[in-house]
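Before a model can be used at the bench, its features have to be read one at a time. The dialogue below takes a learner and a teacher through such a reading.

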Amino acid sequence: MKLAENLCQRNSWIIGIEELRGHASSSLKARRGVDWGYWEIPTYDMPANLAKLRSLYPDGPLYLMGHSIGGIMISLYAAKQMAEGNSK
């Protein structure tokens, strides 16, 4: 969070933070009958969240950044987009 705060202050950026399923304030909690893997995040969660950001800020550039598992999810999302021919 400190990195995001500093980037916002220094660059006048707007930063959206995505929480992973099952963490923090996520409404989904892993339990019997409720299951997901890593692939649901770049397949469903990231496209929905990015569409929301794009609707709020249609003209601004979008940069995806992540650390650890967040970086892996972004890499999976980017690979999926490129494989589907959506390299925006």
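What follows is a set of questions and answers on this predicted model.

Q: How many helices and strands does the protein chain have, and in which pattern do they follow one another along the sequence?
A: A good start is to list the secondary structure elements in order, and here the protein chain has three helices and zero strands, so that the pattern read along the sequence is α-α-α. The C-alpha atoms fill a box of roughly 45 × 35 × 25 Å along the principal axes, and of the 88 residues 17% count as buried.

Q: What share of the contacts in the protein chain joins residues 24 or more positions apart?
A: One asks here how far along the sequence the partners in a contact lie from each other. Among the contacts with a separation of 6 or more, residues 24 or more positions apart account for 41%.

Q: What span should helix α2 have, and how far apart are its end C-alpha atoms?
A: The idea is to compare an expected span with the one in the model. At 1.5 Å a residue, the 17 residues of α2, which runs from 40 to 56, should span 24 Å, and the end C-alpha atoms are 23 Å apart, which agrees. The helix nevertheless bends by about 35° at Met46, with a proline, Pro47, following within four residues.

Q: Which residues of α2 are buried, and against which element do they pack?
A: Burial is read residue by residue, and then one looks for what covers the buried positions. In α2 the buried residues are Ile41, Pro42, Thr43, Asp45, Met46 and Leu50, and these buried residues pack against α3, which covers residues 69–83.

Q: How many salt bridges does a search of the whole structure find, and where does the one between Arg21 and Asp45 lie?
A: For a salt bridge one checks the distance between the charged atoms, the elements that hold the partners, and their exposure. The search finds three salt bridges. In one of them the side chains of Arg21 and Asp45 meet at 2.7 Å, N to O; Arg21 lies in the loop between α1 and α2 and Asp45 in helix α2, so the pair ties together parts that are 24 residues apart in sequence. Arg21 and Asp45 are both buried.

Q: What do the salt bridges of Lys2 and Lys80 look like?
A: Lys2 pairs with Glu5, the closest N and O atoms being 3.9 Å apart, and both residues lie in helix α1, three residues apart, about one turn of the helix. Lys2 is exposed, at a relative accessible area of 61%, whereas Glu5 is partly exposed, at 41%. Lys80 meets Glu84 at 2.4 Å, N to O; Lys80 counts as buried because its relative accessible area is 16%, under the 20% cut-off, while Glu84 is partly exposed at 45%.

Q: Which residues make the nonpolar surface patch, and is Ile17 among them buried or exposed?
A: A patch is read by listing its members and then placing them in the chain. Met1, Leu3, Trp13, Ile15, Ile17 and Met65 make a nonpolar surface patch of about 650 Å². Ile17 lies in the loop between α1 and α2 and is exposed, with a relative accessible area of 52%.

Q: Where do Ser12 and Ser68 lie, and what is phi in each?
A: Backbone angles are read together with the place of the residue. Ser12, in the loop between α1 and α2, has phi near 55°, a positive value in a residue other than glycine. Ser68, in the loop between α2 and α3, has phi near 60°, again positive in a residue other than glycine.

Note on methods
Residues are numbered from 1 along each chain as its sequence is written. This is a predicted model: local features need pLDDT of at least 70, side-chain atom pairs count only at pLDDT 80 or more; totals for chains, interfaces and linings use all residues. Side-chain values use heavy atoms; hydrogens and water are left out. Helices (H or I, at least four residues) and strands (E, at least two) are DSSP runs, numbered from the N terminus. The expected span of a helix is 1.5 Å times one less than its number of residues. The bend at a residue is the angle between axes fitted to the seven residues ending there and the seven starting there. Buried means under 20% relative accessible area, exposed over 50%, partly exposed in between (1.4 Å probe, protein chains only). Contact means heavy atoms within 4.5 Å. Patches are made of residues with over 30% relative accessible area and no salt bridge: like charges are joined within 9 Å, nonpolar side chains (Val, Leu, Ile, Met, Phe, Trp, Tyr) within 5 Å. Accessible areas come from the Shrake-Rupley method with a 1.4 Å probe; for residues, only the protein chains shown count as cover. A salt bridge is a side-chain nitrogen of Lys or Arg within 4 Å of a carboxyl oxygen of Asp or Glu.
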